[in-house]
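Thanks for coming, everyone. Please look at the structure on the screen, and I will walk you through it.

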Amino acid sequence: MYSKPAPPQAGDKRHAPATVRNRAAILAALRGHLPAGGTVLEVASGSGEHACHFAAALAPLRWQPTDTDPAALRSIEAWRAEADSPGPLPARHLDCLAANWPVQDLSDLAAVVAINLLHISPWSVTGALFSQAAAILPATGVVFVYGPFRRGDDFISAGNRAFDATLRGQDPAWGLRDVDAVVAVAETAGWRPRATLTMPANNLSLVFGR
Ligand SMILES: C[S@@+](CC[C@H](N)C(=O)[O-])C[C@H]1O[C@@H](n2cnc3c(N)ncnc32)[C@H](O)[C@@H]1O
């Protein structure tokens, strides 16, 4: 189970400038591919800015933000305290690599969303994301992932190639994922690719269903 987050304190709020730049395009992609009702489980919510924007824009869908980093959870709560209505649900701790995700109380889960996670985490997180999503979502469920990807050795842009090198310098387990490898892992967990959407700034959204 999950424990209730503490009330936000001054200084908890983080700002990720990219969320302001990419949220309109991601919202349009979500609108086209999420189920009409239920709760969206967002993993790796980061600052919480996406969560607040999407919760207000996509109601009556409910938005459940999560992250593994306590500072991110505090930031989500700080943004949530000022969010337009309806805001997201209270942030909860969720590590994608955990054996059991703390979602037993969310009876109407409809989708799992991961934005800018797969390239900033070990490859094992990608596998865990799809296998856990298969375990917790109904047959109508959707998995939506967004970020920079590569297609084999094609990094889509010079900027993405440089970003990949920077990430691998920070942590050899990180780096842009090959779309075909992501699809293969998803298929092993029972997911079928439903859409590959070209997004601004050389990003992609990958949508999976069953
Ligand atoms: C680049 S940030 C993206 C945040 C947000 N989605 C965005 O686009 O601004 C990556 C996030 O992934 C989270 N993260 C890394 N490993 C994770 C894991 N194993 N489970 C859940 N979240 C994780 C980090 O704490 C961080 O908040």
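Where is P86 found? P86 is in the loop between α3, residues 70-81, and β3, residues 92-93. Before I go on, note that this is a predicted model.

Why start with P86? A cis peptide bond joins S85 and P86. Its omega is about -5°.

There is also a cis bond at P60. It joins A59 and P60, with omega about 15°. P60 lies in a loop too, between α2 and β2. Here α2 covers 49-58 and β2 covers 62-67.

Next, backbone phi. Take I156. I156 is not a glycine, yet its phi is positive, about 75°. Which loop holds I156? The one between β6, residues 149-150, and α5, residues 158-170. I156 is partly exposed, at 33% relative accessible area. That counts as partly exposed because the value falls between the 20% limit for buried and the 50% limit for exposed.

Now N202. Phi of N202 is near 60°, again positive in a residue other than glycine. N202 sits in the loop between β8, 192-199, and β9, 203-209. N202 is partly exposed, with a relative accessible area of 36%.

Move on to N203, which belongs to strand β9. Is N203 buried or exposed? N203 counts as buried, at 11% relative accessibility. Its side chain has two contacts to show you. The side chain of N203 makes a polar contact with the side chain of Y146, at 3.2 Å. A polar atom of the N203 side chain also lies 3.2 Å from the backbone oxygen of A201.

Now cysteines. How many disulfides does a search of the whole structure find? Zero. Look at C52. C52 is in no disulfide, and the nearest cysteine sulfur, that of C96, is 19 Å away. Turn to C96 and ask why there is no bond. The closest cysteine sulfur to that of C96 is in C52, and 19 Å is too far for a bond. For reference, a disulfide needs the two sulfur atoms within 2.5 Å. As for accessibility, C52 counts as buried at 11%. C96 is buried as well, with a relative accessible area of 7%.

C96 brings us to the ligand. Where does the ligand sit? In the largest pocket. There are 16 residues around the ligand. Which of them come nearest? They are A44, D67, D95, C96 and I115.

Let me take the polar distances one at a time. Start with D67. An N or O atom in the D67 side chain is 2.6 Å from an oxygen atom of the ligand. Then C96. Here the backbone is involved: an N or O atom lies 2.9 Å from a nitrogen atom of the ligand. Then I115. A backbone N or O atom of I115 lies 2.8 Å from a nitrogen atom of the ligand. How much of the ligand does the protein bury? Taken alone, the ligand exposes 600 Å², and the protein buries 80% of that.

Stay with D95 for a moment. D95 is in the loop between β3 and β4, where β4 covers 109-115. D95 counts as partly exposed, at 31% relative accessibility. Compare its place with that of D67. D95 and D67 are 28 residues apart along the chain, and their C-alpha atoms are separated by 6.7 Å.

Last stop: the segment before α1. Look at P5 there. P5 is partly exposed, with a relative accessible area of 27%. What separates the C-alpha atoms of P5 and I76? A distance of 9.8 Å, with their positions 71 residues apart along the chain.

P8 lies in that segment too, before α1, which runs 17-33. P8 counts as partly exposed, at 35% relative accessibility. Now take P8 with W191. They are 183 residues apart along the chain, and their C-alpha atoms are separated by 37 Å.

To recap. Cis bonds join A59 to P60 and S85 to P86. Positive phi values occur at I156 and N202. The search finds zero disulfides. The ligand sits in the largest pocket, with D67 and C96 among the residues that come nearest. That is my tour. Over to you.

Note on methods
Residues are numbered from 1 along each chain as its sequence is written. This is a predicted model: local features need pLDDT of at least 70, side-chain atom pairs count only at pLDDT 80 or more; totals for chains, interfaces and linings use all residues. Side-chain values use heavy atoms; hydrogens and water are left out. Helices (H or I, at least four residues) and strands (E, at least two) are DSSP runs, numbered from the N terminus. Buried means under 20% relative accessible area, exposed over 50%, partly exposed in between (1.4 Å probe, protein chains only). A residue is near a molecule or strand if one of its heavy atoms lies within 4 Å of it. A polar contact is a pair of N or O atoms within 3.5 Å; within protein, one must be able to donate a hydrogen and the other to accept it, and residues adjacent in sequence count only if both atoms are side-chain atoms. Accessible areas come from the Shrake-Rupley method with a 1.4 Å probe; for residues, only the protein chains shown count as cover. On a 1 Å grid over the protein atoms alone, a cavity is a set of points where a 1.4 Å probe fits but cannot get out, and a pocket is an open set with protein on both sides within 12 Å along at least five of seven lines; lining residues have an atom within 4 Å of a point. A molecule sits in a cavity or pocket if more than half of its atoms lie within 2 Å of its grid points.
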